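Take a walk through this protein model, one region at a time. Keep the 3D view open while you read.

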Amino acid sequence: MRELSTFPLSGATRLSWLDVLPWLDEHRSGPPLLGEGELTANAWMSTSANGSVPAEHLGEVCRRLATVFARDHRDLPLATAFPYAPRPGADDRSGLSDRISALLRTAGVTDLGALTVTDLGGLRGVGPASVAEIVAALIRASATVEAEDSHAAAEFDELVAALGERDRYLLTARILTDQRTTLADCGAALGISRERVNQLDNRLRDRVHAGFHSSPHLRAAADRLADAAHPVAALDRLIAARPELATPVGETQAPLWFVLARLDGRFDVIDGWVVVETMDSARNRVRAVLARLASDEGLVSLPVVAAELDLPEAETATWLRYAGYRVLDGHVLVRSTSVHDNIAAVLALSGEPMTIDDIHAAIVPTRSLSSVRNAMVADDRFVKTDRARWALARWGASRYVPIHRQIGEVLDATGGSIGIEELVARLTGAFDVKEFSVRTYAASGEYMTVDGKVSRRKQTQRARKSPGKTRHLYRDGAVLRLRTTIVAPHMKGSAFNLPAALAGLVGAGPNRSVELTSRLGPQSILWVAVQARSGTIKRFIDDLGLVPGEEVFLEFAPEATDRPQFDVVRAASDAEGSAPRRVLAATGDPRAAALDEKDLTPALAQALWLPADADTATVAATLRARKEDALADLLESA
């Protein structure tokens, strides 16, 4: 017959009656089960099952409890009712009489734990008295299960006692050890050849293996350890439930659990964990469980994993961390090696959009802010939901675009015109944008607000001087760079003038201001009287440690969603190489050192708003017209 259960150990230092007979819990508040003389009805249920009842009275207690079980729990499977009962049959520890054992064999019962009292009563030849005997035997076996490991230790001592002195030496040196002595060293210690040691070692292993399997208590103790791991269990918890596992045995005084692990190949104990077969096997089984249970973002609830592994939640979390998984907010992250998967898990746990700073703070191991931002921009699983927040695309949130594009989309959907109040309500309700910003954009650039109605401007205002003719203003794709020198007003935190052409490119103009994002907070571009002005850059000066006279680039990227829209960058020192390469470096282009020679002039043409096929002479002439004579001279000298 198979074992009644998989032996789910508890964390208590001693098993109570309620532990070994869980169905007693339904009777705690009822009448006393053992007689009217109880001082506190059924208080004994919380005491240790092993030793709380004198041996001469244990039989009567088991009979009384068997009567209650057979009467009130007829349809409860015996494996559930008696989770700690040892296996009946082979080692004859079940307490069943020969007659009852013969009846069960005749009836073809191979798994007693799967039956109920009702099932037993339906077997041929098994009457009420036989049912009562079976149940009473299971109760007695459950109540005395804690003492079994002491028998296992005694059986091991008997096994060792039957060995000769040479075999006992080899048992200690070759079997009951984590660091086996070599055959050669054993031969030297015993005065025999290496080959002879190998013969004796193999013979000893066969003998010990046979002795282990013929020792019922040793085998049963090993069964309980092997069955406790599904596929892993904390050794400390198992010892707390069965202290006898720590009993020193043999000449080496190794704990019983260590001996069992070395004699039984079904499990091992590594770093305080009992694992099935090997640690790799246990890891693979856990990995398969997590892969089966994981959500789209690679998350599994810790209670779900604990139930699947049949472990306490705290122990499950400890094991998962030991195995290299990250446990966060009651969940295990199944896939956390890439920054993309980390972001997905963090957002899934949040359940709502998060700022990039909050996402960055939750990523482990720590990654740079730029790598987190780049991962979110490049991964279709993520969507920007407003100016500062990101979400999972599967949530169905609207994708955020810059305010001027939002206005354009609304105008396209409403036939080209919409009331300013309705526009403000729509955009501030859908995104994290300010009413002032909506009204500003709706009355500037390509849009105008007339008599409370917003529409597209038919004729766009233009700066008197074009970007291509504006001194020290360059472009690099969507990034605009203005080269300037740090002076005293900058150091004091004063606002300063910007070229009108640059202001127009970033969306600022008469009666309209712009607020750009930056790594150090918002940056305002204002229009005062007839001049565009930038807000203070004092915080950038302090951050970079700039001093008066240093050259910097003011970088503007008004359409950017994956980087700050404004920044101050220290200008590099004079570059080396050909004249075109040095001139390109002077525009702030980070590619200057890496581009091929043939690509330098086209890059300069782009920086100056010239056609891509402009030649070096045209580029030099444009620089001179912009009064950038030093750069023009450098190109012409080449």
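The tour below covers a helix, a pocket and a set of salt bridges. The model is predicted.

Start at helix α28, which spans residues 616-625. Which of its residues are buried? They are V619, A620, T622 and L623. Looking down the axis of α28, these buried residues fall within an arc of 160°, so they line one face of the helix. A617 and A625 sit on the other side of α28, and both are exposed. The buried residues have partners: they pack against α26 (579-586), α27 (597-607) and α29 (629-637). After α28 comes K627. Its phi is positive, near 65°.

Two of those packing partners, α26 and α29, also matter for the next stop. Each supplies at least two residues to the lining of the second largest pocket. Strands β16 (479-485), β21 (551-556) and β22 (566-570) do so too. The pocket has a volume of about 610 Å³. Its lining counts 31 residues. Which of them lie nearest the centre? R483, A572, R582, A585 and A586 do. By character, the lining divides into 14 nonpolar, five polar and twelve charged residues.

Now turn to the salt bridges. The whole structure holds 39 of them. One joins E60 to R64, with the closest N and O atoms 3.1 Å apart. Both residues belong to helix α2 (residues 55-72). They are four residues apart, about one turn of the helix. How accessible are the two ends? E60 is partly exposed, at a relative accessible area of 34%. R64 is partly exposed as well, at 35%.

A second pair reaches between helices. E421 and R439 meet through their side chains in a salt bridge of 3.0 Å, N to O. E421 lies in α21 (residues 420-430) and R439 in α22 (residues 435-442), so the pair ties together parts that are 18 residues apart in sequence. R439 is partly exposed, with 30% relative accessibility.

K598 and D599 form another salt bridge, their closest N and O atoms 3.3 Å apart. Here the two ends fall into separate classes. K598 is exposed, with a relative accessible area of 62%, whereas D599 is partly exposed at 28%.

Salt bridges can also link up. R219, D223, D264 and R266 are joined in a network of them.

Conventions. Residues are numbered from 1 along each chain as its sequence is written. This is a predicted model: local features need pLDDT of at least 70, side-chain atom pairs count only at pLDDT 80 or more; totals for chains, interfaces and linings use all residues. Side-chain values use heavy atoms; hydrogens and water are left out. Buried means under 20% relative accessible area, exposed over 50%, partly exposed in between (1.4 Å probe, protein chains only). The arc is that of the directions from the helix axis to the C-beta atoms. Contact means heavy atoms within 4.5 Å. On a 1 Å grid over the protein atoms alone, a cavity is a set of points where a 1.4 Å probe fits but cannot get out, and a pocket is an open set with protein on both sides within 12 Å along at least five of seven lines; lining residues have an atom within 4 Å of a point. Grid points are joined across faces, edges and corners, and a volume is the space filled by probe spheres set on the points. Ala, Val, Leu, Ile, Met, Phe, Trp, Tyr, Cys and Pro count as nonpolar, Asp, Glu, Lys and Arg as charged, and the others, Gly among them, as polar. A salt bridge is a side-chain nitrogen of Lys or Arg within 4 Å of a carboxyl oxygen of Asp or Glu.
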